Amino acid sequence: MDIFRSVHAVATASGDGEGTGAIDWAAVADAAKNVTDPGDLTLSTEDREGYATDVRDARQRLQSVGDVEFDLPEVVEVQNRHHWIDANIRTFKRVMRPIEERGRVPLPGVTRVVNTGTMAFMLSFLGKNVLGQYDPLLLAEGDADHGLYFVHPNIVAVAESLDVDFPRFRRWIAFHEVAHAAEFGAAPWLSGHLETRMQDGLNSLAHGEFDRRAFSDLDTAMTAVEGYAELLMDRAFDAEYADLREKLDARRSGGGPIARLARRLLGLGVKRRQYERGAKFFETVADERGVAAASVVWEKPEHLPTDEEIKNPWKWIARVDPESRL
């Protein structure tokens, strides 16, 4: 890790970098990776076979338990931290494009440095903490395939810090990420639904406004996405996992003041709230009607729960009537 090179990359962010927008993305990549150890990506034959088996088994189990049909992405990668940063810079660039293209930036030189430093910090922090990711490639152009990523050095490090068996922990992470693949695979309309709300919200920010409805709809949809994945993973995982959940939750809420501040700035508290609200909603539906009934949510956009229905799952059950579909 080279902190000096990282600071230099941010400080020299200017029109000489990639484009002249609000963020120097080339400097973001350099700065984030300079302060982030890529981690060891030496995989034994057992490791490679383990990842492949976990993903394959997860797909079979999730299809059976959730009564959903889906294919795995063609892109399934075991990455180091730098690989993950590079992949997600592409994602952040897509998300920020409306603001960079249409936003009015005061003091562009100063703002570009600050934005570049902030984005580099965010990606570095996430790169050191993300375990796995299903990337639906929102706002991507063309027919790019979705991606499934596992950040091997982080999975190894967290398994060691939690004092849990690495293969068991790796398998649990695989089930969670493949559960997201199940959602987007079962609902071909989901990516477009999320993209529309994201674009509406970002366009409003680019014009100095805040589209509360767009962001509220996006939050509600993501609550369903996160909650269903939690339900499906928990019901499909083929071993005891209570200790994994307890230890990982304790880790997520702990850490020093910088880690807690970073989680707050990155909105990770919002993500955890989505997990909890969504999981409670789908657990109620599944307990009353079965997991397959909960999967009806992916038949069409109109079946997504509203915010009020997430608070009161019975309202969703009454509206969608999944019992008649079993």
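Which residue does the side chain of Arg171 meet in a salt bridge? I would like to start there, and I should say at once that what we are looking at is a predicted model. The partner is Asp57, and the two side chains come together with a nitrogen-to-oxygen distance of 3.1 Å. If you follow the chain between them, you will see that the pair links distant parts of it, since Arg171 belongs to helix α7, residues 166-186, while Asp57 belongs to helix α3, residues 45-66, and the two are 114 residues apart. Both Arg171 and Asp57 are buried.

That contact is one of 16 salt bridges found by a search of the whole structure. As a general point, side chains of opposite charge can pair when their charged atoms come close.

Let me stay with helix α7 for a second example. Asp243 forms a salt bridge with Arg168, and here the closest N and O atoms are 2.5 Å apart. This pair, too, links distant parts of the chain, with Asp243 in helix α10, residues 242-253, Arg168 in helix α7, and their positions 75 residues apart. As for their surroundings, Asp243 is partly exposed at a relative accessible area of 30%, and Arg168 is partly exposed at 24%.

The third example takes us to another part of the chain, where the side chains of Asp219 and Arg273 meet in a salt bridge at 3.7 Å, again from N to O. Asp219 is in helix α9 and Arg273 in helix α12, residues 268-289, so that distant parts of the chain are linked across 54 residues. Why does Asp219 count as buried while Arg273 counts as partly exposed? Asp219 has a relative accessibility of 17%, and buried means under 20%, whereas Arg273, at 40%, falls in the partly exposed range. Turning back to the pair I opened with, salt bridges that share partners join Asp54, Asp57, Arg170, Arg171 and Asp238 into one network.

Arg170, a member of that network, also brings us to the aromatic rings, because its charged end sits over the ring of Tyr51, 5.4 Å from the ring centre. In a similar placement, Arg59 lies over the face of Phe70, at 5.9 Å from the centre of that ring.

Rings also pair with one another, and a search of the whole structure finds 12 aromatic pairs. In one of them, the rings of Phe237 and Tyr241 have their centres 6.4 Å apart and their planes at 75°, so the pair is edge-to-face. Phe237 is buried, with a relative accessible area of 7%, while Tyr241 counts as partly exposed at 24% relative accessibility. Elsewhere, ring pairs link Trp189, Tyr228, Phe281, Phe282, Trp298 and Trp316 into a cluster.

Finally, I would like to turn to empty space. The second largest pocket holds about 240 Å³, and 14 residues line it, with Asp217, Thr220, Leu304, Pro305 and Thr306 lying nearest its centre. Which helix gives the most to this lining? It is α9, with 5 residues, and both α8, residues 190-206, and α9, residues 212-236, supply at least two residues each. Sorted by class, the lining of this pocket has 4 nonpolar, 4 polar and 6 charged residues. Helix α9 therefore appears twice in this talk, as the helix that holds Asp219 and as the one that gives the most to the pocket lining.

Notes. Residues numbered from 1 in each chain as written. Predicted model: local features only at pLDDT ≥ 70, side-chain atom pairs only at ≥ 80, totals over all residues. Heavy atoms only, no water. Phe/Tyr/Trp six-rings, centres within 6.5 Å; stacked < 30°, edge-to-face > 60°. Buried < 20%, exposed > 50% of the residue type's maximum accessible area, 1.4 Å probe, protein only. Lys NZ or Arg CZ within 6 Å of the ring centre and 35° of its normal. 1 Å grid on protein atoms, 1.4 Å probe; cavity = no way out; pocket = protein on both sides within 12 Å on 5 of 7 lines; lining within 4 Å. Points joined across faces, edges and corners; volume = space filled by probe spheres on them. Helix = DSSP H or I, 4+ residues; strand = E, 2+ residues; numbered from the N terminus. Nonpolar A, V, L, I, M, F, W, Y, C, P; charged D, E, K, R; others polar. Salt bridge = Lys/Arg side-chain N within 4 Å of Asp/Glu carboxyl O.
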